[in-house]
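Hello,

Please take over the structure below. My notes on what turned up follow it.

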Amino acid sequence: MKANHGKTDRTNRPSIVGRWTSKFACAFRGLRAATWREDSFHVHLPAAVVVCGVAVWLGISKTEWLALVLCITMVLTAELMNTAIEHLSRAITQEEHPEIRDALDVASGAVLVASLGAGVIGVIILICHLPIL
Ligand SMILES: Nc1ncnc2c1ncn2[C@@H]1O[C@H](COP(=O)(O)OP(=O)(O)OP(=O)(O)O)[C@@H](O)[C@H]1O
């Protein structure tokens, strides 16, 4: 069932506040659904927390924080899009379909590319601050 995005029954005119509240509620519901149900988030979220903890411990610079936060955001966003495509594909059909296979594999490839890029940047940033160097 479609959300009414803050439309009031009396006037049937959407209130801006109601509409935006509804948009945020939908977005947070999506985040909750993805992070609770998807295994990948059970790996990516703790990994992000550990990386941030190590970054705090090593005292990385403001610019390095910008790169790190961008990398984490990039991976989580790719994972959310991948999850959305998985949901859509399940809704379209439970049957084997070559186009759905390609769509799912391309979406997984996007997560892989984002994760590899983030991994390389993360290692470059953190390794420079290791006390042994
Ligand atoms: N309907 C389908 N038709 C064809 N191939 C499919 C279909 N559903 C899944 N696949 C194939 O199976 C792979 C795994 O799909 P699935 O949706 O089970 O992902 P998953 O293992 O749950 O991934 P994740 O861990 O990212 O949630 C897909 O990448 C795709 O190659």
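First, a cut-off for what comes next: a residue is buried if 20 or more other C-beta atoms lie within 10 Å of its own, exposed if 12 or fewer, and partly exposed in between. Keep in mind that this is a predicted model.

Start with Glu-38. Its count is 17 C-beta neighbours inside 10 Å, so Glu-38 is partly exposed. Glu-38 sits in the loop between helix H1 (16–37) and H2.

Glu-86 is the partner to look at next. Glu-86 is part of helix H3. With 18 C-beta neighbours inside 10 Å, Glu-86 also counts as partly exposed.

Why take these two together? The unreviewed UniProt entry puts the feature "binding site" at Glu-38 and Glu-86. They span 49 residues in sequence, yet their C-alpha atoms are no more than 10.4 Å apart, so they gather at one spot.

Now the ligand. How many residues surround the ligand? The number is 14, and the closest are Glu-96, His-97, Ile-100, Arg-101 and Leu-104. Three elements give two or more residues each to this shell: helix H2 (39–58), helix H3 (62–92) and helix H4 (98–128). H4 provides the largest share, five residues. By class, the shell holds six charged, six polar and two nonpolar residues.

Next, the overall build. The protein has four helices and zero strands. From the N terminus on, the order is α-α-α-α. The radius of gyration is 20 Å, well over the 14 Å that the globule rule gives for 133 residues, so the protein is more spread out than a compact globule. Along its principal axes, the C-alpha trace spans about 65 × 40 × 20 Å. Buried residues make up 13% of the 133 residues.

H1 deserves its own look. At 1.5 Å a residue, its 22 residues should span 32 Å, and the end C-alpha atoms are 32 Å apart, which agrees. H1 is hardly covered: among its 22 residues, the count of buried ones is zero.

Last, the domains. The protein is divided into domain 1 (1–37) and domain 2 (40–128). Taken over C-alpha atoms, the centres of domain 1 and domain 2 are separated by 26 Å.

When you open the model, begin at Glu-38 and Glu-86, where UniProt places the "binding site" feature. Then turn to the ligand and the five residues that H4 gives to its shell.

Best wishes

Methods: Residues numbered from 1 in each chain as written. Predicted model: local features only at pLDDT ≥ 70, side-chain atom pairs only at ≥ 80, totals over all residues. Near = placed C-beta within 6 Å. Nonpolar A, V, L, I, M, F, W, Y, C, P; charged D, E, K, R; others polar. UniProt positions renumbered as here; feature names shortened; annotations may be inferred. Domains from an automatic or database assignment. Expected span 1.5 Å × (residues − 1). Rg over C-alpha atoms; globule rule 2.2 N^0.38 Å.
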